[in-house]
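Grab a pencil and work through a few exercises on a protein model. Try each task yourself before you read the solution.

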Amino acid sequence: MNSFADKVAKLCLQKYNSLKKTGKPTSNEWTVLSGIVLENINGTLSVVSLTTGTKCLGGSDLLNTEIWERGSRLSDSHAEILARRAFLRYLYDQLDLLLNDQKSDVFALDSTDKIGIKPGILFHFFSTQTPCGDCSIFPKEAKVLDEEINPPAKIRKISALSEASNDSSLITTKKNCRIISDIYRTGAKCVSTEERQDLLEPGINYHVLGSLRTKPGRGDPTLSLSCSDKLAKWNILGVQGSFLSLLIAPLRLESITIGGGSPFSQEAMERGLYKRFGNDVARLKIFQATESFIHLKGTLRTQPCPTSIIWCSVRNRELEVAVEGRKQGATKKRKGNLLLISRRELLRIFLRIIEKYKGIDSEQRHPKKIGYYQFKQWSNLYQEAWKQLRLKKFHAWPTKPLESQDFIL
Ligand SMILES: [Zn+2]
């Protein structure tokens, strides 16, 4: 047991339990919960963003999104992705405090008016299950430690059989008491431009390891990449994204904790988050907690919950509920009723912040007339780092259609 991981898990689960029921699963639904926890210089932990979600829009949903909804509707509502968006909103709120001469828990200005992270501040990621995609592909018996020492009769029998038949789908360990006959599968398909494609053979050869994958889902294929791939990208470029890169240095996560009671493999997590991209990639700490989530998928909870809750530690509108990528209750008549973590609203908040900030070029202060996508390109350092990363390590990462990013405020 890792006591730090349990502290992180407990804090996130307690925060979840304290939120009202709206947007949480019903008795037959499951969901994923993710969050980001701040650790200050004294080692005190506090939750700063917390979200749930299991859904992702298909490609045609996005193409059919009307122009007025561009930048308003979220395509990827997996909890991990929402947690990072809610975290961005938290960071913007912290910047707003700083630039209004109030106390920020995260940021400080130096003598030249540059914004920096306060010393000793760290951020930790939490999720109740392993991220979809590469981190979720591992042998089914990968963590049955008791059975390694004292395997149940059934497994011993198959083990003897596998030696006799030399079946390649059954692997015996050195101790000859653990067998791997199947793997956990992910519904996430390899992206079409990826050289490594799934073999789809029975048993352990179903999946290929290390590929970039799109989000799992039936029917209309999605254009969003799996959470394993997005987390791996943030691990290298930072979680701050392009806009915040205009103001602060890259901000990396220190650790990731997966909740208890859910399949987990240290090896698959390490591979999915950094090892598959080479030895020069930064590493983050990986833990599994023993604390488990009440709304995990299970025999009674068989349906994914269609709604998401989005919470972050900000001064205004801490909690929102989303469905199909929109704020719950939003209609065409109420166009202004947007999620505060939508692209449009995050851009609005960001522009408000740079209005107040003296440390930025005056040219970059009034970019309202240029589109969202063009504005993102102003962040030269970030865009160049992402370009290099795609060339060197993320060759197969697809380019998203620009429609969703083609809007002005
Ligand atoms: Zn996911």
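The exercises below go from the whole chain to a metal site, a sheet and a few single residues, all in a predicted model.

**Exercise 1. The whole chain**

Task: find out how many helices and strands the protein has, and what share of its residues counts as buried.

Solution:
- Start with the secondary structure: there are 11 helices and 16 strands.
- Next, look at burial. The protein has 409 residues, and 54% of them count as buried.
- Now turn to the outside. The accessible surface is about 19700 Å², and carbon and sulfur atoms own 51% of that.
- Finally, check who touches whom. Take the contacts with a separation of 6 or more: 68% of them are between residues 24 or more positions apart.

**Exercise 2. The zinc ion**

Task: work out which residues are the protein donors of the zinc ion, and how they are spaced in sequence.

Solution:
- Go to the zinc ion and list its protein donors: His78 through ND1, Cys132 through SG and Cys227 through SG. They lie 2.1 to 2.3 Å from the ion.
- Write the spacing down as a pattern, and you get H-x53-C-x94-C.
- Now place His78 and Cys132 on the chain. His78 sits in strand 5 (residues 76–78), while Cys132 is in the loop between strand 8 (122–127) and helix 4 (145–149). These two are 54 residues apart, so the pair links distant parts of the chain.
- Last step: both His78 and Cys132 are buried.

**Exercise 3. Helix 6**

Task: is helix 6 mostly covered or mostly open, and what does it pack against?

Solution:
- Count the buried residues: 10 of the 11 in helix 6 qualify, which leaves the helix mostly covered.
- Among the buried ones are Cys227, Leu231, Trp234 and Leu237. You have met Cys227 already, as a donor of the zinc ion.
- Look for the packing partners. The buried residues of helix 6 pack against strand 5, helix 3 (79–99), strand 8, strand 11 (255–260), helix 8 (266–273) and helix 11 (380–392).
- Step just past the end of the helix, and you find Gly238 with a positive phi of about 95°.

**Exercise 4. The open sheet**

Task: trace the order of the strands in the open sheet and name its edge strands.

Solution:
- Follow the 8 strands across, and the order reads 12-11-8-2-3-14-15-16, with mixed pairing.
- The edges are strand 12 (285–292) and strand 16 (326–327), each of which pairs on one side only.
- Helix 8 packs on this sheet, where it touches strand 11 and strand 12. The direction of helix 8 makes about 135° with that of strand 12.
- Zoom in on strand 14 (residues 307–312) and strand 15: they run antiparallel and are joined by 5 bridges. They form a hairpin with 6 residues in between, and Arg317 in the turn has a positive phi of about 50°.
- Strand 15 (residues 319–323) also pairs with strand 16, in the antiparallel sense, over 2 bridges. That hairpin has 2 residues between its strands, and the turn residue Glu324 has a positive phi of about 50°.
- Check Ala322 in strand 15: it is the bridge partner of Ser308, and Ala322 also stands opposite Lys327 in strand 16.

**Exercise 5. Two residues up close**

Task: are His207 and Gly35 buried or exposed, and what do they touch?

Solution:
- Find His207 in the loop between strand 10 (179–180) and helix 6 (227–237). The relative accessible area of His207 is 7%, so this residue is buried, the cut-off being under 20%.
- Look at the side chain of His207. One of its polar atoms lies 3.1 Å from the backbone nitrogen of Thr186, and there is a polar contact with the side chain of Asp198 (3.1 Å).
- Beyond its sequence neighbours up to four places away, His207 touches residues including Ile137, Tyr184 and Arg213.
- Move to Gly35 in strand 2 (residues 33–39). Its relative accessible area is 0%, so Gly35 is buried.
- Leaving aside neighbours within four places in sequence, Gly35 is in contact with Ser49, Leu50, Ala83, His124, Phe125 and Phe126.
- To finish, compare positions: Gly35 and Ala9 are 26 residues apart along the chain, and their C-alpha atoms are separated by 9.2 Å.

Definitions and conventions: Residues numbered from 1 in each chain as written. Predicted model: local features only at pLDDT ≥ 70, side-chain atom pairs only at ≥ 80, totals over all residues. Heavy atoms only, no water. Donors = N, O, S within 2.8 Å, 3.2 Å for Na, K, Ca; no water. Helix = DSSP H or I, 4+ residues; strand = E, 2+ residues; numbered from the N terminus. Buried < 20%, exposed > 50% of the residue type's maximum accessible area, 1.4 Å probe, protein only. Polar contact = N/O pair within 3.5 Å; in protein donor to acceptor, adjacent residues only side chain to side chain. Contact = heavy atoms within 4.5 Å. Pairing = 2+ DSSP bridges. Axes fitted to C-alpha atoms, helices over the stretch in contact; angles between N-to-C directions. Areas by Shrake-Rupley, 256 points an atom, 1.4 Å probe, with all protein chains shown as cover.
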